[in-house]
Amino acid sequence: MSHKPHPVRGRINSWFLAAAEKPMHREYGERKLRIFGELPATIVELGPGSGANFRYYPQGTRVIAVEPNPMMLKRMYAQASRHGVEIDLRHAGAEGMEVESESADLVVSTLVLCSVRDPDQVLSEVRRVLRPGGRFAFLEHVAADPGTRLRKVQEAIHAPWHWLGEGCHLNRDTARTIERAGFADLELERFDGSGNTPYRPHISGYAIR
Ligand SMILES: C[S@@+](CC[C@H](N)C(=O)[O-])C[C@H]1O[C@@H](n2cnc3c(N)ncnc32)[C@H](O)[C@@H]1O
C-alpha cells in the first residue's frame with residue numbers, strides 16, 4: 001500500500017467498503033462475472049478488502065488474498081466464511097506478492113490499481129504469477145479525460161481524497177498501464193458508472209498472458 005493503514009481512517013475505509021458491497025454488486029456484478037470467465041479452483045485476488053468478490057466464487061474456492069492492510073482482515077474472513085471460500089493470506093503488497101511464478105490461472109483486481117504504490121510493478125508481478133494463457137481480470141476507476149470538468153474536480157480534490165482513501169488516486173490512467181504491460185491479448189471496455197461521483201469513469205476487462 002502507499003501508506004501504513006491509519007487506525008481511524010483504516011477502520012472507516014474497511015467499514016465503508018463493507019457498507020458499499022450491495023450497491024457495488026448492483027453496479028458491477030454482471031460485469032464482474034463476464035470478466036472473471038471460467039472460475040478455477042484457486043484464484044489470486046489483489047486487495048480483496050472486505051471480500052466483495054467472494055459472492056461470485058463457487059463454494060470451496062481457494063482465494064490467495066494479497067492484502068497488506070490488516071484493517072481489512074476481520075471483514076474479509078467474515079465474508080469468506082459467509083460464502084464458503086477458503087483464504088490463503090499473503091501479507092505483502094501486490095508490488096512484491098508472495099505468490100509462486102507461473103502458478104495462477106486467474107488474477108483478479110477490482111478497485112485496487114487506484115491504490116497501489118506502483119501500478120507498473122504490480123502488472124509485472126501479475127504477469128510473473130500467471131501461467132501462460134492465464135487471465136488477469138480487472139475493473140478499476142480511472143482518470144476522466146484531460147480538460148473535462150470531471151477531471152478538474154478530480155485534480156482539485158486529489159489531496160484530501162488520497163489522504164482519506166489511504167492512497168487512492170482519482171487521476172490514474174490505468175488503461176495505459178495495462179496496455180503497456182505486455183500481455184498477449186487484451187479486452188478492455190470503458191464505462192462511466194452511475195451516479196455523479198468523482199470515481200469514474202471506469203475500465204473493465206481481461207488480459208491474457
Ligand atoms: C478500494 S479497496 C477495494 C477492495 C475490493 N477489491 C473491492 O472491490 O471492494 C482497495 C484495496 O486494495 C488494497 N491495497 C492497497 N494497496 C495495495 C497493494 N499495494 N497491494 C495489494 N492490495 C492493496 C487495500 O488494502 C484495499 O483492500
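**Backbone features, an aromatic pair and the ligand site**

In this predicted model, Glu102 is placed in the loop that runs between strand S3 (86–90) and strand S4 (104–110). Although Glu102 is not a glycine, its phi is positive, at about 50°. A second feature of the backbone is found at Arg200 and Pro201, which are joined by a cis peptide bond with an omega of about 0°. Of these two residues, Pro201 belongs to the loop between S6 and strand S7 (202–208).

Strand S6 is also involved in an aromatic pair. Across the whole structure, a search finds 7 aromatic pairs. In one of them, formed by Tyr28 and Phe191, the ring centres are 6.5 Å apart and the planes stand at 75°, so the arrangement is edge-to-face, given that planes over 60 degrees apart are counted in that class. Because Tyr28 is part of helix H2 (residues 21–36) whereas Phe191 is part of strand S6 (residues 185–191), the pair ties together parts that lie 163 residues apart in sequence.

The ligand occupies the space of the largest pocket. Around the ligand there are 20 residues, of which Gly47, Glu67, Ala94, Glu95 and Thr110 come nearest. When this shell is divided by class, 12 of its residues are nonpolar, 6 are polar and 2 are charged.

Polar atoms of the protein approach the ligand from both the backbone and a side chain, as the following contacts show. At Thr110, a polar side-chain atom is found 2.6 Å from an oxygen atom of the ligand. At Ala94, a polar backbone atom lies 2.9 Å from a nitrogen atom of the ligand, and at Gly49 a polar backbone atom is 3.4 Å from an oxygen atom of the ligand. Taken on its own, the ligand has 600 Å² of accessible area, and the protein covers 93% of this area. Two of the residues that make these contacts, Ala94 and Thr110, are also among those that come nearest to the ligand.

Note on methods
Residues numbered from 1 in each chain as written. Predicted model: local features only at pLDDT ≥ 70, side-chain atom pairs only at ≥ 80, totals over all residues. Heavy atoms only, no water. Near = heavy atom within 4 Å. Polar contact = N/O pair within 3.5 Å; in protein donor to acceptor, adjacent residues only side chain to side chain. Areas by Shrake-Rupley, 256 points an atom, 1.4 Å probe, with all protein chains shown as cover. 1 Å grid on protein atoms, 1.4 Å probe; cavity = no way out; pocket = protein on both sides within 12 Å on 5 of 7 lines; lining within 4 Å. Sits in = over half its atoms within 2 Å of the grid points. Nonpolar A, V, L, I, M, F, W, Y, C, P; charged D, E, K, R; others polar. Phe/Tyr/Trp six-rings, centres within 6.5 Å; stacked < 30°, edge-to-face > 60°. Helix = DSSP H or I, 4+ residues; strand = E, 2+ residues; numbered from the N terminus.
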